[in-house]
Amino acid sequence: MVKRLKNILKHDIVYTTSMVVESRALSSNLFLIKMNIFRELKRPLPPQFVMVWVPGYEAIPMSIAHFDNNELWIIVKPVGPTTRALSRVKKGDLLGLYGPLGKPLVPEGDKYLLLAGGSGIATILHYLQVLSRHGKRCRVVFGCWRSDEVGVIPDLIKELGGEPVITCFDKECDFYGTVGDYVSQVNIEQYDAIIACGPLLMLKDVTERVGCRDNFIVILDSLVKCGIGLCGSCKIGGEKDLFLCIDGPGFYLYQVRDLFGC
């Protein structure tokens with residue numbers, strides 16, 4: 001409880017308003033929203049996130065896809081009432097926001113394998129922005145089920161300095177199969193760190209392929225309500241009591257080995 005109370009008192013959590021400056025579809029099921037933050041936000045590092053409030057709806061956790069000069073990007077996959085409303089916002093709309101939340105987790109190294117499934121591409125793009133800015137080499141693997149879900153994601157990856165590989169079950173892709181299928185066919189020893197963000201089934205599949213490596217980071221998803229460690233809704237298993245919103249959302253695999261059976 002003391003740890004959580006200290007988190008609330010942190011001066012770097014900002015409560016503010018933001019204005020949408022761009023909203024567009026990236027693919028058949030993903031939407032990019034760029035917003036200007038009214039108050040200065042401490043520069044977030046991956047895999048930190050923000051809570052976004054859509055007027056008339058609840059506040060929901062959103063991964064940061066990019067941040068620069070107080071402009072913040074998020075990527076939305078409409079699955080419920082709030083995310084559907086968020087995917088429909090227009091330029092000039094106002095949104096509530098507080099953050100950055102969660103703990104930064106950027107491993108040392110020079111060459112990275114970044115694995116994304118679906119909307120997990122948001123956090124992976126933030127990693128790509130930060131790592132490429134420091135001259136690191138990044139191979140980005142983006143997995144989806146159909147080619148219409150790819151859209152312009154490869155262009156975004158290239159724009160941020162990454163080498164994209166697209167995996168899906170259509171013929172119009174770089175690799176036919178899942179992210180795990182791809183990983184099982186590459187030499188992962190050449191990478192200083194592996195970072196994966198996507199559905200739990202994808203993370204478990206990749207874990208089974210590569211094993212419990214010390215340089216493997218998983219970005220988890222959970223029910224987050226308050227974002228500051230008070231409500232307990234995002235408590236997850238692990239080597240000790242871990243809360244996704246203040247201890248994560250990124251973890252070295254050994255910290256959450258119970259979730260992956262290793």
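Which residues make the nonpolar surface patch of about 280 Å²? Hi everyone, let me start there. The answer is M19, F38 and L94. A quick reminder before we go on: what you see is a predicted model. Now, M19 sits in strand β1, which covers residues 14-25. With a relative accessible area of 33%, M19 counts as partly exposed.

Strand β1 brings us to the sheet. It is an open one with 7 strands, and if you walk across it you meet β4, β3, β7, β1, β2, β6 and β5, in that order. The pairing is antiparallel. At the edges stand β4, residues 59-63, and β5, residues 66-68; each has a single partner strand, so one side of each has no neighbour in the sheet. From one strand to the next, the twist averages 35 degrees.

Let's zoom in on the β4 edge. Strand β3, residues 49-53, runs antiparallel to β4, and 5 bridges join the two. If you'd like one pair to click on, F49 has S63 in β4 as its bridge partner. Packing on this sheet is helix α3, residues 121-133, which touches β4, β5 and β6. The direction of α3 makes about 45 degrees with that of β5.

One more helix, and then I'll hand over. Helix α6 spans residues 200-210, and its buried residues are M202, L203, D205, V206, T207 and V210. What do they pack against? Two helices, α5 (179-183) and α8 (257-260), along with strands β8 (111-117), β12 (193-197) and β13 (216-219). Right after α6 comes G211, with a positive phi near 80 degrees. Thanks, everyone!

Conventions. Residues are numbered from 1 along each chain as its sequence is written. This is a predicted model: local features need pLDDT of at least 70, side-chain atom pairs count only at pLDDT 80 or more; totals for chains, interfaces and linings use all residues. Side-chain values use heavy atoms; hydrogens and water are left out. Two strands pair if DSSP finds at least two bridges between them. Helices (H or I, at least four residues) and strands (E, at least two) are DSSP runs, numbered from the N terminus. Axes are lines fitted to C-alpha atoms, for helices over the stretch in contact, and angles run from 0 to 180 degrees between N-to-C directions. Contact means heavy atoms within 4.5 Å. Buried means under 20% relative accessible area, exposed over 50%, partly exposed in between (1.4 Å probe, protein chains only). Patches are made of residues with over 30% relative accessible area and no salt bridge: like charges are joined within 9 Å, nonpolar side chains (Val, Leu, Ile, Met, Phe, Trp, Tyr) within 5 Å. Accessible areas come from the Shrake-Rupley method with a 1.4 Å probe; for residues, only the protein chains shown count as cover. A salt bridge is a side-chain nitrogen of Lys or Arg within 4 Å of a carboxyl oxygen of Asp or Glu.
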